[in-house]
Amino acid sequence: DARIGDIYLLGHSQGAMLVPRIAQAVEAQGNLGEIAGGVMLSGSPKPLWQISLAQNVALLDEEQMESYEAILSEQIQLANSLDTLTEEELTTKTVFGVSAYYQKDETSVDAASAALENGGRLFIAQGSADWQMTQADGLEAWQTALSGADFPVEYRLYENLNHLLMPQEGEITRTRS
């Protein structure tokens, strides 16, 4: 429709992680037009299971970590074997609470490579008080992964905003609510 201008995809958290993949899929359709770029908030170029691992570990104190070490190790091993699981295993197992089938599909597309291939303008932001997506896994990981981009990429860290980009008052408690 000629009345519509540039189209940008916006995603938050896991949605932000999917923006490059969705842009790539739209472009592949050919008849849907072009995506001009994306806005990625509180996301990461890393696989979802790695982010889930970091979140789970962040919730555990040292004593709890010892008792959950075997479970975490089992989940890491399962995540690392996604490519070798049977169709039945993929549909019946979970990796950090998410379907193994979904996890395998999600890891099949490298978000940073897709963003570089798409070449659309990007705005990537997160809050400094976000424990669910650390700066190392989020903003800094994107900066490293897209360092050679030949298109505009703007990065923004918002002071004292949490994962939902809302003001964080007081100490970060690492609760999911």
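**Sheet**

I started with the sheet in this predicted model. I find an open sheet of four strands, ordered β1-β2-β5-β6, and the pairing is parallel. Which strands sit at the edges? I get β1 (8-12) and β6 (153-158), each of which pairs on one side only. I also looked up the turn between neighbouring strands: on average they are turned by 10° against each other, direction ignored.

Next I checked how β6 is held to its partner. Strand β5 (residues 121-127) runs parallel to β6, and six bridges join the two. For a spot to click on, I noted that Gly127 stands opposite Tyr158 in β6.

Then I asked what α1 touches on the sheet. My note says that α1 packs on the sheet through β1 and β2 (37-41), with its direction at about 150° to that of β1.

**Helix pair α2/α3**

I moved on to α2 (residues 48-59) and α3 (residues 62-80). Their axes come within 11 Å and cross at roughly 180°. With over 145 as the cut-off for roughly antiparallel, I therefore log α2 and α3 as roughly antiparallel to each other.

Which residues meet across this pair? From α2 I list Trp49, Leu53, Asn56, Val57 and Leu59; on the α3 side they meet Gln64, Met65, Leu72, Ile76, Ala79 and Asn80. Sorted by class, the contact of α2 with α3 has eight nonpolar and three polar residues, and no charged ones.

**Second largest pocket**

I then pulled up the second largest pocket, which holds about 170 Å³ of space. Its lining, as I wrote it down, is Met17, Leu18, Arg21, Ser44, Pro45, Lys46, Pro47, Glu106, Thr107, Val109, Asp110 and Ala111. Two or more residues of that lining come from each of α1 (14-29) and α5 (100-107). Which element gives the largest share? That is α1, with three residues.

How does the lining split by class? I count six nonpolar, two polar and four charged residues. So that I don't mix up my entries: charged residues are part of this pocket lining, whereas the α2/α3 contact has none.

**Whole chain**

Last, I zoomed out. The protein chain comes to seven helices and six strands. Reading from the N terminus, I get the element order β-α-β-α-α-α-β-β-α-α-β-α-β. For box setup I also jotted down the span of the C-alpha trace along its principal axes, about 60 × 45 × 30 Å.

Key. Residues numbered from 1 in each chain as written. Predicted model: local features only at pLDDT ≥ 70, side-chain atom pairs only at ≥ 80, totals over all residues. Heavy atoms only, no water. Axes fitted to C-alpha atoms, helices over the stretch in contact; angles between N-to-C directions. Parallel < 35°, antiparallel > 145°, perpendicular 65-115°, else oblique. Contact = heavy atoms within 4.5 Å. Nonpolar A, V, L, I, M, F, W, Y, C, P; charged D, E, K, R; others polar. 1 Å grid on protein atoms, 1.4 Å probe; cavity = no way out; pocket = protein on both sides within 12 Å on 5 of 7 lines; lining within 4 Å. Points joined across faces, edges and corners; volume = space filled by probe spheres on them. Pairing = 2+ DSSP bridges.
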